[in-house]
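Subject: Structure handover

Hi,

Here is the structure I promised to pass on. Have a look at it first, and my notes follow underneath.

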Amino acid sequence: MGDIPLGKSTMLDAMCSRELAPLFWRPVRLGITSAWWEHVPFAHWLVASIRPRSIVELGTHNGVSYSAFCEAVVREGLDTQCSAVDTWLGDEHAGRYSEGVYAELRTFHDSRYGSFSTLVRSTFDEALGYFPDCSIDLLHIDGLHTYDAVRHDFESWLPKLTDRAVVLFHDINVRANDFGVWKVWSELQERYPSFTFTHGHGLGVLAVGKAVPAAARQLCSIDDDSRVNSIRERFALVGERWNVEFRDAQRVAEIGRLALMVDDLNAQMQGRIAHADQLERALKEVNAIEANRTEEAASLRTQLAEVEAARKTLHDALQEQTERGDALAARVDELKAWGDDLLATNQTLRAELVDLRRAPERTDIQELRQELEQHKKQQDALHAEISGLRGRSRLG
Ligand SMILES: C[S@@+](CC[C@H](N)C(=O)[O-])C[C@H]1O[C@@H](n2cnc3c(N)ncnc32)[C@H](O)[C@@H]1O
């Protein structure tokens, strides 16, 4: 693609220049999670500008930075060998992630960059053996971010770099959570020409080779603060766009996730409403049964009270009968004693009568007879009363 001639407008000429085009390329991994989004335009520009013969990345994860390098190779039609090294298991800072991350990247990568790029699934140290010394023009170090790890990665891969080599370090502006890239970076800045981007967690550009291509050499030799700031701000601004888009994609995904949750909760709620209706119906049935039982209990209580009253009446009647029976029995005993008395008197009189019969005075006999007759009557009356009382006492 050549420059579009626009007459005398230098600004419009600059806007349409081929050199500037990589800053406006649309990234290909949009929507994928990464802390690298704000540096994608710079990666596009750097590769298009320094045209490396080989690129190696240490730490690829979802492949956002690596795809930016590879995309520039494709768009610029470069003859570049690219390699991404990662265990694709994660680490203490990136976290441990699932096997799906590697599988998804592999599918994307193979169809798009398979002809010039390799995913090397190993540790950085194990991968050293696959790369000859002095073979790498662009190295991106983005593995574990502790001071020791970054220092080790830089030093162990240093012999692999060519005299045109540029090395990128991500996260040079992070000081939290045991990150130590900033410290390695401050040490290396003393030894090599460099440029520091502070946005997007910080990206360090180190011109390690003695003969780095002009674009990188110029970038790393700017000593005018206003130019440094202007380059930082403009790259930050174009990079921010992709970060915003990434956040939007995250929000859309989150909204989708929440919408699914809402659907799920709605379904659960419907289920609970149906269940509540069921319970309400069951409760009504139970209430009706309970009302019946209360009625039955009240009726039973009434019946019980009636039975109790009847029992009391019977008890009182029995008590009365018993008392009457006792009184009658006492009277019987009394009469019996009187009867016994009469019987004794009767016998005495009979004896006297016998004696008198033997005697001559008739008048005495007559009197005794009358007296005896009277006693007999009294005795009969007494017997009649006793048997009358016995009959009543049996009936009572
Ligand atoms: C911060 S992430 C890389 C981010 C990626 N450059 C991007 O564009 O989003 C760091 C990655 O380095 C990998 N890693 C860390 N130390 C490693 C080691 N010694 N060997 C291989 N992979 C390692 C982890 O598995 C993780 O995927």
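Let me start with a residue in the middle of things: His170 is buried, because 24 C-beta neighbours fall inside 10 Å and 20 are enough to count. Before going further, please keep in mind that this is a predicted model. His170 sits in strand β7, which covers residues 161-170. Setting aside residues within four places in sequence, the contacts of His170 are Trp36, Asp142, His201 and Leu203. For a sense of scale, the C-alpha atoms of His170 and Leu368 are 159 Å apart, with the two positions 198 residues apart along the chain.

That distance leads to the overall layout. The chain splits into domain 1, residues 10-221, and domain 2, residues 317-395. Between the C-alpha centres of domain 1 and domain 2 there are 146 Å. Ala84 gives another long reach: its C-alpha atom is 163 Å from that of Asp355, 271 residues away along the chain.

Ala84 itself is worth a click. You will find Ala84 in strand β2, and it counts as buried because it has 28 C-beta neighbours inside 10 Å. Which residues does Ala84 contact, leaving aside its neighbours within four places in sequence? They are Glu57, Thr60, Gly63, Tyr66, Leu119 and Val120.

Tyr113 is another buried one, with 22 C-beta neighbours inside 10 Å. Tyr113 belongs to helix α4, residues 99-113. Not counting residues up to four places away in sequence, Tyr113 touches Cys70 and Cys82. From Tyr113 to Val184, 71 residues along the chain, the C-alpha separation is 32 Å.

Now the helix packing.

Two packed helices are described by the angle between their axes and the distance between the axes. Take α2 (residues 40-50) and α3 (residues 64-76): the angle is about 40° and the axes are 8 Å apart. Why is that pair called oblique? An angle under 35 degrees would count as roughly parallel and 65 to 115 as roughly perpendicular, so α2 and α3, at about 40°, are oblique to each other. The crossing of α2 and α3 is right-handed. On the α2 side the contact is made by Val40, Ala43, His44, Val47 and Ala48, and on the α3 side by Ser65, Ala68, Phe69, Glu71, Ala72, Val73 and Glu76. By class, this α2 and α3 contact has eight nonpolar, two polar and two charged residues.

Helix α2 also packs on α9, which runs over residues 225-358. Here the angle is about 120° and the axes lie 7 Å apart, and α2 and α9 are therefore oblique to each other. The residues that meet are Val40, Pro41 and Phe42 from α2 and Phe235, Val238, Gly239 and Trp242 from α9. Six of the residues in the contact of α2 with α9 are nonpolar and one is polar, with no charged ones. Val40 is worth highlighting when you look at α2, since it is listed in the contact with α3 and also in the contact with α9.

The remaining pair on my list is α6 (residues 147-157) with α7 (residues 181-191), at an angle of about 45° and with axes 7 Å apart. That makes α6 oblique to α7. Tyr147, Val150, Arg151 and Phe154 of α6 come up against Val181, Lys183 and Val184 of α7. The α6 and α7 contact divides into five nonpolar, no polar and two charged residues.

Finally, some backbone oddities.

Most residues other than glycine have a negative phi, and most peptide bonds are trans. Against that background, His61 has a positive phi of about 50° although it is not a glycine. Where is His61? It is in the loop between β1 (54-58) and α3. Is His61 buried or exposed? Buried, because 25 C-beta neighbours lie inside 10 Å.

Trp88 is a second non-glycine residue with a positive phi, of about 55°. Trp88 lies in the loop between β2 (81-86) and β3 (90-91). With 21 other C-beta atoms within 10 Å, Trp88 is buried as well.

Cheers

How values were computed: Residues are numbered from 1 along each chain as its sequence is written. This is a predicted model: local features need pLDDT of at least 70, side-chain atom pairs count only at pLDDT 80 or more; totals for chains, interfaces and linings use all residues. Domain bounds come from an automatic or database domain assignment. Axes are lines fitted to C-alpha atoms, for helices over the stretch in contact, and angles run from 0 to 180 degrees between N-to-C directions. Helices (H or I, at least four residues) and strands (E, at least two) are DSSP runs, numbered from the N terminus. Angles under 35 degrees count as roughly parallel, over 145 as roughly antiparallel, 65 to 115 as roughly perpendicular and the rest as oblique. A crossing is left-handed if the near helix is turned anticlockwise from the far one by less than a right angle, and right-handed if clockwise. Two residues are in contact if their C-beta atoms, placed from the backbone, lie within 7 Å. Ala, Val, Leu, Ile, Met, Phe, Trp, Tyr, Cys and Pro count as nonpolar, Asp, Glu, Lys and Arg as charged, and the others, Gly among them, as polar. A residue is buried if 20 or more other C-beta atoms lie within 10 Å of its own, exposed if 12 or fewer, and partly exposed in between; C-beta atoms are placed from the backbone.
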